[in-house]
Amino acid sequence: MRILVLGGDGYLGWPTSLYLSRRGHDVVVVDNFAKRDWEQEVGVQPLFPVPTLRSRLRAWHELAEIDIPARIGDLQDYRFVESLFSEFEPQAIVHYGEQPSAPYSMIGQPQATLTQVNNVVGNLNVLFAMRDRAPDAHLVKLGTMGEYGTPNIDIEEGFIDIEHNGRSDRLPFPKQPGSLYHLSKVHDSHNIMFACKVWSLRATDLNQGVVYGVETEETGLDDRLATSFHYDDVFGTALNRFCVQAVADHPLTLYGRGNQTRGFLNIVDTLRCVELALLNPAERGEFRVFNQFTEQFSVSQLAGLVKEAAAEMGMNVRIDHLPNPRVEMEDHYYNAKHTKLLDLGLEPHQLSETLIDTMLGKIRRFRERIDTALFAPRATWRPKEYAEPALVAPMASVPSYERPVSRN
Ligand code: USQ
């Protein structure tokens, strides 16, 4: 299959590109390195050194004898997007090319508008290019479980059957996202559903949970193929952060009571889910939604698992409850369906002590690169005047929140 991987330089896009190319697909990596700019803006860097895209592609060529072409450009530039579609005539588009962080989107007005404009406009441009250049192609779009929020009923996979005043219909599941980032994904979902209806496009929205993991089979082959693994307050996510905190002998940072429950999955399952969606495409005119996670945990359960695994390795891990910088429910019902990918053949990698051991082992090798100043949350969901002074670390620890000049 000819596949464009949008956001192919990122935590998930890079391993996906290697994985799909190794399975014989013609992959093209597309990126504008915006994530590398945002990292600089908030003063963070991935734990493992991530060489330039060009040198990573060269390393992949050396190790696997596979050439992956790359195109550098901004999805907000329609001429660029259209030229990609004309040049490569993709049969599928895997779209990860978005600002991925909830805390980043909540830092302030510039970051919130950047997130929504970047994500919504980029995605719209992809939909128009599909309409005009590749109407039969299949869009596999990374959405998020966070689109649903935490309702007090079971979460269905995208749609719910509703009876109302004696009539019934199958309607999109209600959306109650928890950040301006998550909202950008809701807007994307609505735009994609509309495009499938009016232009008969085919699309799969992968409502993914929180991903964890340090490497995949391909990125683990050589340090030069490492993926962009974050542990900081802005781009790092729960389990990944907890593992790095354990290695750094820093208390695990639970926000609030820690009973917030989410769906989680291993990074290797992300790749397999994307592959399953590609191999079993949506019909023309169909907008499908798959809930892409394998297990549910509360964040304190995760912290407990990390503590146990670390203890086996001789580490004495402490757990801290910080005032929650987010506005979110801390005690709530959570039961989300996730059967569609299992029906297509997904065999989940469950979170286990061995898996956490592997993560801790790799993180230990890069221990000296851990900056413990990046553990305290800096972005708060509350207006500054209402935030408790001690709630978040001072923004002064960030060199500047000015937007860097775009490379494009
Ligand atoms: N949390 C802590 N301590 C921490 C970090 C997070 O208790 O040090 C808590 C948060 O309060 C939240 C939960 O862990 O309740 C998840 O937070 P997260 O930072 O791990 O993940 P989140 O902000 O939800 O976003 C991540 C990815 C995003 C993806 C989303 C899937 O950054 O791209 O869409 O997970 S989901 O959570 O299902 O919406």
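**Exercise 1. The lining of the largest cavity**

Task: Determine how the residues that line the largest cavity of this predicted model divide into nonpolar, polar and charged, and which elements supply at least two residues of that lining.

Solution: Begin with the classes, where the lining of the largest cavity divides into six nonpolar, four polar and three charged residues. Next, look at who these residues are: the lining has 13 residues, and Gly158, Lys175, Ser189, Phe287 and Val289 are the ones that lie nearest the centre of the cavity. Then turn to the elements, since helix H7, strand E8 (202–208) and strand E12 (287–292) each give at least two residues to this lining. Among the elements, H7 has the largest share, with three residues. Finally, add the volume, which for the largest cavity is about 70 Å³.

**Exercise 2. The second largest cavity**

Task: Find how many cavities of 30 Å³ or more the model holds, and work out which residues line the second largest cavity.

Solution: The count of cavities of 30 Å³ or more comes to three. The second largest cavity has a volume of about 60 Å³, and the residues that line it are Pro103, Asp233, Tyr255, Pro325, Arg326, Pro377, Arg378, Ala379 and Trp381. When this lining is sorted by class, six residues are nonpolar and three are charged, while no polar residue takes part.

One of these lining residues, Pro325, can be followed further. Pro325 sits in the loop between strand E14 (319–322) and helix H11 (340–343). Its relative accessible area is 1%, which lies under the 20% limit, and therefore Pro325 counts as buried. Across the sequence, Pro325 and Thr380 are 55 residues apart, yet their C-alpha atoms are 4.7 Å apart in space.

**Exercise 3. The surroundings of the ligand**

Task: Describe which residues come nearest to the ligand, and state which side chains or backbone atoms place an N or O atom at a short listed distance from a ligand oxygen.

Solution: First take the shell as a whole, which has 23 residues around the ligand, with Pro100, Tyr181, Ala238, Thr253 and Glu328 coming nearest. By class, this shell has 10 nonpolar, nine polar and four charged residues.

Now go through the polar atoms one at a time. In the side chain of His182, an N or O atom is 3.0 Å from an oxygen atom of the ligand. For Tyr255, the atom in question belongs to the backbone, and this N or O atom lies 2.9 Å from a ligand oxygen. For Glu328, an N or O atom of the side chain is 2.6 Å from an oxygen atom of the ligand. Taken alone, the ligand exposes 730 Å², and the protein buries 93% of that area. The elements that contribute two or more residues to the shell are helix H7 (180–199), helix H8 (238–247) and strand E10 (252–255).

**Exercise 4. Buried or exposed?**

Task: Decide whether Leu254, Ser21, Leu142 and Asn165 are buried or exposed, and place each of them in the fold.

Solution: Leu254 lies in strand E10, and because its relative accessibility is 1%, below the 20% limit, Leu254 counts as buried. Its C-alpha atom is separated by 8.7 Å from that of Ala238, a residue 16 positions away along the chain.

Ser21 is part of helix H1 (residues 13–22), and with a relative accessible area of 5% Ser21 is buried too. The side chain of Ser21 also makes a polar contact of 3.1 Å with the side chain of Trp60.

Leu142 belongs to strand E5 (residues 138–144), and at 5% relative accessibility Leu142 is buried. Although Leu142 and His95 are 47 residues apart in sequence, their C-alpha atoms are 6.1 Å apart in space.

Asn165 is found in the loop between strand E6 (159–164) and strand E7 (167–172). With a relative accessible area of 70%, which is over the 50% limit, Asn165 is exposed.

**Exercise 5. Positive phi angles**

Task: State what the phi angles of Asn165 and Asp249 are, and where Asp249 lies.

Solution: Asn165 has a positive phi of about 50°, although Asn165 is not a glycine. For Asp249, likewise not a glycine, phi is positive at about 60°, and this residue lies in the loop between H8 and E10.

Conventions. Residues are numbered from 1 along each chain as its sequence is written. This is a predicted model: local features need pLDDT of at least 70, side-chain atom pairs count only at pLDDT 80 or more; totals for chains, interfaces and linings use all residues. Side-chain values use heavy atoms; hydrogens and water are left out. A residue is near a molecule or strand if one of its heavy atoms lies within 4 Å of it. A polar contact is a pair of N or O atoms within 3.5 Å; within protein, one must be able to donate a hydrogen and the other to accept it, and residues adjacent in sequence count only if both atoms are side-chain atoms. Accessible areas come from the Shrake-Rupley method with a 1.4 Å probe; for residues, only the protein chains shown count as cover. Helices (H or I, at least four residues) and strands (E, at least two) are DSSP runs, numbered from the N terminus. Ala, Val, Leu, Ile, Met, Phe, Trp, Tyr, Cys and Pro count as nonpolar, Asp, Glu, Lys and Arg as charged, and the others, Gly among them, as polar. On a 1 Å grid over the protein atoms alone, a cavity is a set of points where a 1.4 Å probe fits but cannot get out, and a pocket is an open set with protein on both sides within 12 Å along at least five of seven lines; lining residues have an atom within 4 Å of a point. Grid points are joined across faces, edges and corners, and a volume is the space filled by probe spheres set on the points. Buried means under 20% relative accessible area, exposed over 50%, partly exposed in between (1.4 Å probe, protein chains only).
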